Amino acid sequence: MRRHLLALILATAAMPAFAQSGSAGSGVEPSTVANSQSRPISFASRAADDGVLVILMRDANLPDGVLSAATEANVKAAIANARFDGQDGSKLTLRGIGRHARIDLVGMGGEGDVTDRLRRAGGRIAQDVRDEAHAVSIVGAASDEAAAIALGYSLGQYRFDRYKTVGKSAPSAQPATIVVADVRRAEAEWKSRGAALAEGVTLTRDLSTEPANVIYPESFVARVREAFAGVQGVKIDVLDEAAMRRLGMGTLTGVGQGSRRPPRLMVIDYRGGSGAPVALVGKGITFDSGGISIKPNAGMWEMKSDMAGAAATVGAVLSLAKSHANVNVLAVAALAENMPGGNAQRPGDVVRTFSGKTIEVMNTDAEGRLVLADANEYVIANFRPAALVNIATLTGAVGNALGYEYAGLFSRDDALAAQLSTAGKVAGEDVWRLPLHPNHAKTMKSDIADIKNSAEGGKPGASLGATFIGFFVDPATPWAHLDIAGVNWADSSDDLTPKGASGWGVRILDEFAALCSKCTNANLGFCH
């Protein structure tokens with residue numbers, strides 16, 4: 001009997017971690033499986049004589065000095081035959097010319113933001129050469145444009161393949177080399193900020209893509225601690241369920257009480273500047289079943305990414321800290337799993353927040369705003385931020401209104417809203433401001449508590465959700481809310497985002513904080 005028991009123990013120990021799915025701490029340990037290595041990005045003063053050659057085109061004219069005379073003549077003939085005009089989004093692929101495995105002409109000509117076109121061209125190139133075994137040389141960019149191409153390439157080549165075991169093909173380890181006149185300048189610009197920004201987006205995408213048996217409140221914290229290991233200027237504090245209950249944080253603990261995986265509140269405090277910090281506070285529902293107000297099965301799998309707001313805050317602060325940004329900023333992740341367990345919160349329950357305000361829970365599927373209520377009050381009381389920005393996959397209504405092109409922006413402060421809008425345009429993550437109206441607050445009034453978390457019968461769901469969150473932010477604190485439910489997941493690939501988790505929010509928050517660092521009034525923390 002003992003021999004059989006020993007054999008069972010050894011067999012169980014040898015099982016893959018992802019097969020052990022019964023306990024609260026189940027799942028693949030973060031260190032046991034990794035994604036395939038991406039192509040390294042490098043810079044050089046001349047292109048390789050073979051491999052894949054990519055030429056950035058602003059019109060139908062080839063840049064000087066790239067090709068030999070014979071090859072250039074053949075390529076020019078192909079351009080004329082194909083009527084290739086080099087406009088943004090166009091591409092011409094040529095094979096069998098010269099020593100190169102292939103020559104790609106990638107159009108980026110046109111009006112508008114050149115940096116945005118460069119980024120998107122870099123992303124398209126990464127996806128076009130995804131399955132090529134050869135080294136890649138990219139020519140046609142100025143030295144001050146190289147970092148934008150490198151960022152686009154990094155974002156475009158992202159893949160999440162760590163759990164594939166059948167038919168898995170790792171990408172080539174051959175580099176993607178951006179050819180520029182001033183290599184030192186290009187490398188410096190990339191390493192000073194772009195590389196860290198790409199790393200922040202990758203962390204956010206990874207967290208948002210992981211299944212919920214792998215990423216839950218406790219393992220989210222562990223994964224983020226691992227990402228920040230050795231990063232200077234950072235302090236990480238985590239409140240467990242017992243600590244939050246002692247502090248009276250009834251909304252965050254209430255959402256998580258139906259799950260065997262207890263909630264957490266994680267605060268990452270990066271100090272790189274002066275003055276009061278800017279607080280980035282994200283919804284971190286690691287899986288949202290809807291609780292007692294359970295969701296339909298169709299599409300519920302995607303609720304593993306209902307923590308994308310929290311993931312975006314930590315990705316942005318990782319980028320800022322690794323690039324030594326001159327700003328004080330907090331990433332706050334309000335983490336819980338919303339499950340319909342025997343101890344789950346019920347519709348009709350009344351819960352109390354950190355400050356003592358009361359909420360009538362009308363719908364347990366309106367849980368993201370609940371965890372943000374406690375997180376906002378805790379951050380304001382303990383850190384007195386210069387400004388507070390919430391980011392959350394909050395409502396399906398915002399996706400219905402704005403689609404995949406914009407996140408919803410809500411704010412009581414015009415200057416803060418303007419700065420976020422500017423940051424979005426610069427970063428390539430656009431926002432559209434939506435209304436907050438006094439009638440929204442009337443709609444959220446409760447007969448037995450200070451406020452209710454949902455209104456029956458539809459109504460303007462995105463605005464009501466934002467109104468609820470703003471109820472728990474001191475009016476003296478400049479506040480904005482980004483509803484990213486329509487943009488956090490890509491159903492198909494675009495230039496910078498392979499199908500799946502987009503990592504939306506890292507770039508706008510990084511740029512927003514960078515703008516804050518340029519402000520002359522440290523007491524405000526953002527520019528008028």
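This passage walks through the sheets, selected helices and residues, and internal cavities of a predicted model.

A good place to start is the six-stranded sheet. The sheet is open, its pairing is mixed, and its strands follow the order 1-6-5-2-4-3. Strand 1 (41-44) and strand 3 (91-94) form the edges, each pairing on one side only. From one strand to the next, the twist averages 20°. Within this sheet, strand 2 (residues 52-57) and strand 5 (residues 136-139) are paired in the parallel sense, with four bridges between them. Along this pairing, V54 is found opposite I138 of strand 5.

Two helices lie across strands of this sheet. Helix 2, spanning residues 69-82, lies across strand 2, strand 3 and strand 4 (102-107), and runs at about 135° to strand 3. Helix 3, spanning residues 114-128, lies across strand 2, strand 3, strand 4 and strand 5. The angle between helix 3 and strand 4 is about 150°.

The loop between helix 2 and strand 3 is the setting of D88. This residue counts as partly exposed because its relative accessibility is 30%, a value between the 20% and 50% cut-offs. Although D88 and G107 are 19 residues apart in sequence, their C-alpha atoms are 4.8 Å apart in space. Once neighbours within four places in sequence are left aside, D88 is in contact with G107, M108 and G109, and also with three arginines, R117, R120 and R124.

Helix 4 (residues 146-156) offers a picture of burial: eleven of its eleven residues are buried, and the helix is mostly covered. Among these buried residues are A146, I149, L151, Y153 and L155. One of them, Y153, leads on to the cavities, as Y153 is also among the residues that line the largest cavity.

The structure contains two cavities of 30 Å³ or more. The largest has a volume of about 80 Å³, and its lining is made up of S38, R39, A126, V129, R130, Y153, Q157, R159 and P171. Sorted by class, this lining comprises four nonpolar, two polar and three charged residues. For the second largest cavity, the volume is about 40 Å³. T204, S208, S305, A308, I484, N488, W489, A501, S502, G503 and W504 line this second space. Here the lining holds five nonpolar and six polar residues, with no charged residues.

A further open sheet has three strands, in the order 11-12-16, again with mixed pairing. Strand 11 (350-352) and strand 16 (451-452) each have a single partner strand, so one side of each is left without a neighbour in the sheet. Strand 12 (residues 358-360) runs parallel to strand 16, to which two bridges join it. One residue pair can be picked out here: E360 has K452 in strand 16 as its bridge partner.

The last residue to consider is T467, located in helix 14 (residues 461-470). T467 counts as buried because its relative accessible area is 14%, which is under the 20% cut-off. Apart from neighbours within four places in sequence, T467 is in contact with L436, H440 and A441.

Technical notes. Residues are numbered from 1 along each chain as its sequence is written. This is a predicted model: local features need pLDDT of at least 70, side-chain atom pairs count only at pLDDT 80 or more; totals for chains, interfaces and linings use all residues. Side-chain values use heavy atoms; hydrogens and water are left out. On a 1 Å grid over the protein atoms alone, a cavity is a set of points where a 1.4 Å probe fits but cannot get out, and a pocket is an open set with protein on both sides within 12 Å along at least five of seven lines; lining residues have an atom within 4 Å of a point. Grid points are joined across faces, edges and corners, and a volume is the space filled by probe spheres set on the points. Ala, Val, Leu, Ile, Met, Phe, Trp, Tyr, Cys and Pro count as nonpolar, Asp, Glu, Lys and Arg as charged, and the others, Gly among them, as polar. Two strands pair if DSSP finds at least two bridges between them. Axes are lines fitted to C-alpha atoms, for helices over the stretch in contact, and angles run from 0 to 180 degrees between N-to-C directions. Contact means heavy atoms within 4.5 Å. Buried means under 20% relative accessible area, exposed over 50%, partly exposed in between (1.4 Å probe, protein chains only).
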